Each structure stands twice: as C-alpha cells, then as structure tokens.
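Let's walk through this protein together, from a small space inside it out to the whole chain and back to a few chosen residues. Have the sequence and the 3D view open side by side as you read.

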Amino acid sequence: MSAFVTAHATHPDWRMALALAAAQLDAGRAARPDADWTLGLVYFTDAYAPHAQALLAELRQRWPGLHWAGCVGVGVAASGVEYFDEPALVLMACDLPRRHFQVFSGARPLAAPPPATALVHADASTPDIAELIAELGARTRSGYLFGGLAASRGATVTVADGIWQGGVSGVAFGPEVALVSRVTQGCQPVGPTRTITGAQANVVETLDGEPALPLLLRDLGLADLSDHRAAALRLRGTLAGLVDASDAALDRGGRFGADVRVRHLVGLDTGRRAVALADRVEPGQRLAFCTRDVQAARQDLVRICAEIREELDAGAEAAATADAPAAAAAQRVRGALYVSCAGRGGPHFGGPSAELKIIQHALGDVPLVGWFAGGEIARRHLYGYTGVLTVFVDGPAG
C-alpha cells in the first residue's frame, strides 16, 4: 500500500520555511519505516522563485533518494490551508515504485512505453502552449492530463529534477498508479449555449447565424452600447465559455460541464458586430457568455468532491462483494493534488483558506498539496477560473 506525506510552512527566509517543513515531512516518513520514498512534489510562492536553484539543491541534499517535480505559484495549498501573498512552500513525499513513474522535461522527453496519464507543470510564456498540452495528452494512453500553469509576479519556473523556464515538464504515471480526477467550474452561463457559425482567428462573427455582438448585449440585458458606463460595468465581468462540438456544454443542473473552457472577452468589433476572445475559435464550437459566480463555484466544488467519494466508495464496495476485503481497504485515498485558478481561493470564496476547507470537509484530512495557477490543465485542455482535483488511490479507481 503506497503512502503520501505532506508538509507546509511560511517564513520570510526560504531556508527557515524548508527547515520547518522538513521536520513535518521527516516525522511523517518516520511513521512509515517500510515505505520507499521515491517522488517528491514541491510548490512554492513567487517570493521564493529567485532561490529555486538553491531550494532544489537543498531538497536533494536532505532527501537524496527522491525525484522532484513542481513549480511556482502566486499561492500554494495544503490540506485545509492556503498561502496567498506570503512566502510559503508545500511538500509531498510519495511512496511509488520507480518503474511506475517518470519525471520529464524538455531535456528528458517522455520515454516509451506511453504513460497512462501525466501531471503537467507548464510555463504560460511558451508559444502555442495550448497546442503543446493537447499534443502531450495525445501521447498518453488515457488522453488525460492534470496540472496547470506556473504563476508568478516575477520569475516563472518549474521543477523537474532541475529548474526550468519555458515549455512543459512534470511526472508521467503508468497504469499501475490509480487516480480519480475532476474539474470544477467557477462560472455560470448568463444566456443560452449557441453554435459558432462564423469565425476568423479569435473573432466570433456569428452565433446560430446571427451577429455575435447583439446576442451578447441581449444576454446582458443591454439594449446597445450608448450608455458607455453601464455597458463597461457589465462587460468587464463577462466571459465566454467555449466547448468543442463533440463535448458537453452543460451538466444536468444547467451549469457548465467539465469540458467548458472559460475565456476572456478581449474586444468588440462594432463594424462587424463581432466579439473577440482570448483564444482561437472555429465554426462548429459552441459558446455561452458567462460570469463568475461564487455560489455556483462553491456548489460545484462540493459536487466534484462528492463524485470522487462516490466513485471510490463504489470501487471499495465492489471489491468487498467480491470477497476481497483487503482490496476494499486499499481504496482509501493515499493523497491528493489540487490546482486552482489564481483568481479563486479564499479571497473569492469569502474567507481565509475557504476553498481548501471545502475540500477538507468533503474528503477528510487527506494528504494534499497544490498551487494557484495561471491556467488549469485537465484532459487535453487549458482551462481558466476552474479547479482540478486529483486523488491518488491504491488499487483500481472505481
């Protein structure tokens, strides 16, 4: 049975933060003397980014048997705890057979055979990053990635047995590493889902055969743009949810489904009566204008936690009815990773560490680490204003 242990600390000096976290991690490791600690995850706020090389060197010196992966974030998270706008780091040590994972980067590409899935840390400044993510997903057996973009107000770095800038890196897992992952949305549609029928590059010209701009104004309850102040206030908080023609736009409750990617509006073309988005669009895709919604975000986060628990409970029950109580017990959560948008977290949910406390309440006090990202990765897509929760389990997941 694999084990995961975590640690977290905040201090103006990264060395002191690491020393505080190391004491926690070593105590957790000591409680499992039979474990073979092979993989470490490290996430740190941007206050420590200038010291990333020294931080990695210290991690290697303290725990020489571990491969290390991670990145910088504008915030980091542990079970029930968020660190925003303060120097902090979180650590996770994982007991996984070395043959079941590989750390990859630009200097060490994915090796054959293809992995089942991968944890991805990416640099947003990389050209065509969304296409790179989709290509990487196609090189896994499941087509499923999870992770996000490193986020920093200074240097943007990722960790993959070295310190990297640009590109993608992370940890690829074999099929023996069982996990369950879900995307939680943070926006609510303000109008119907329509099909893009005319588009050029990032400009949506027509929806369901009608000019896009008048439809946007209609969804927002605006007659026109003559009242510039009122229009600006409404448009400033408006986004667009995009989904491919083959994917589901809404769930049964009328909320955005997991396949929807939220993008910013970056311009209005009154001449063509068109709307420009911060992404390329194609005819056949579907679009719904939307706004951020705290209550919807809270409810959706609770929903995905419940779905994960139900899937794991179903797997354990199936194992138990097959007269395999040991397999049922192995369904317990070993550890979790949560990647949330930098615009979410406690400040958005209404209190310190509010977002992570929701997860802790729903899943229990499981070992969890994560970071607040400049974009979230799930499946083959790059998302915004979402959270991606991934739970590692022993044995088959559901």
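In what follows, Ala, Val, Leu, Ile, Met, Phe, Trp, Tyr, Cys and Pro count as nonpolar, Asp, Glu, Lys and Arg as charged, and the others, Gly among them, as polar. This is a predicted model, in which local features need pLDDT of at least 70 and side-chain atom pairs count only at pLDDT 80 or more, while totals for chains, interfaces and linings use all residues. Residues are numbered from 1 along each chain as its sequence is written, and side-chain values use heavy atoms, with hydrogens and water left out.

Start inside. The structure holds one cavity of 30 Å³ or more, with a volume of about 30 Å³. A cavity here is a set of points, on a 1 Å grid over the protein atoms alone, where a 1.4 Å probe fits but cannot get out; lining residues have an atom within 4 Å of a point. The volume is the space filled by probe spheres set on the points, which are joined across faces, edges and corners. Its lining consists of Ser-79, Gly-80, Leu-356, Ile-359, Gln-360, Leu-363, Gly-364, Val-366 and Leu-368. Five of these are nonpolar, four are polar and none is charged. Helix α9 (residues 354-363) gives the largest share, four residues.

Now step back to the whole chain. You will find nine helices and 26 strands, where helices (H or I, at least four residues) and strands (E, at least two) are DSSP runs numbered from the N terminus. The C-alpha trace spans about 70 × 55 × 45 Å along its principal axes. Of the 398 residues, 55% are buried, meaning under 20% relative accessible area with a 1.4 Å probe and protein chains only.

Helix α4 (residues 212-219) is a good place to see burial, as six of its eight residues are buried. They are Ala-212, Leu-213, Leu-215, Leu-216, Leu-217 and Asp-219. Just after α4, look for Gly-221, which has a positive phi of about 75 degrees.

Finally, turn to Thr-386, in the loop between β25 (381-383) and β26 (387-393). Is Thr-386 buried or exposed? It counts as buried because its relative accessibility is 0%. Beyond its neighbours within four places in sequence, Thr-386 is in contact (heavy atoms within 4.5 Å) with residues including Val-183, Thr-184, Gln-185, Val-339 and Glu-376. Thr-386 and Val-339 lie 47 residues apart in sequence, yet their C-alpha atoms are 8.4 Å apart in space.

Methods: 1 Å grid on protein atoms, 1.4 Å probe; cavity = no way out; pocket = protein on both sides within 12 Å on 5 of 7 lines; lining within 4 Å. Buried < 20%, exposed > 50% of the residue type's maximum accessible area, 1.4 Å probe, protein only.
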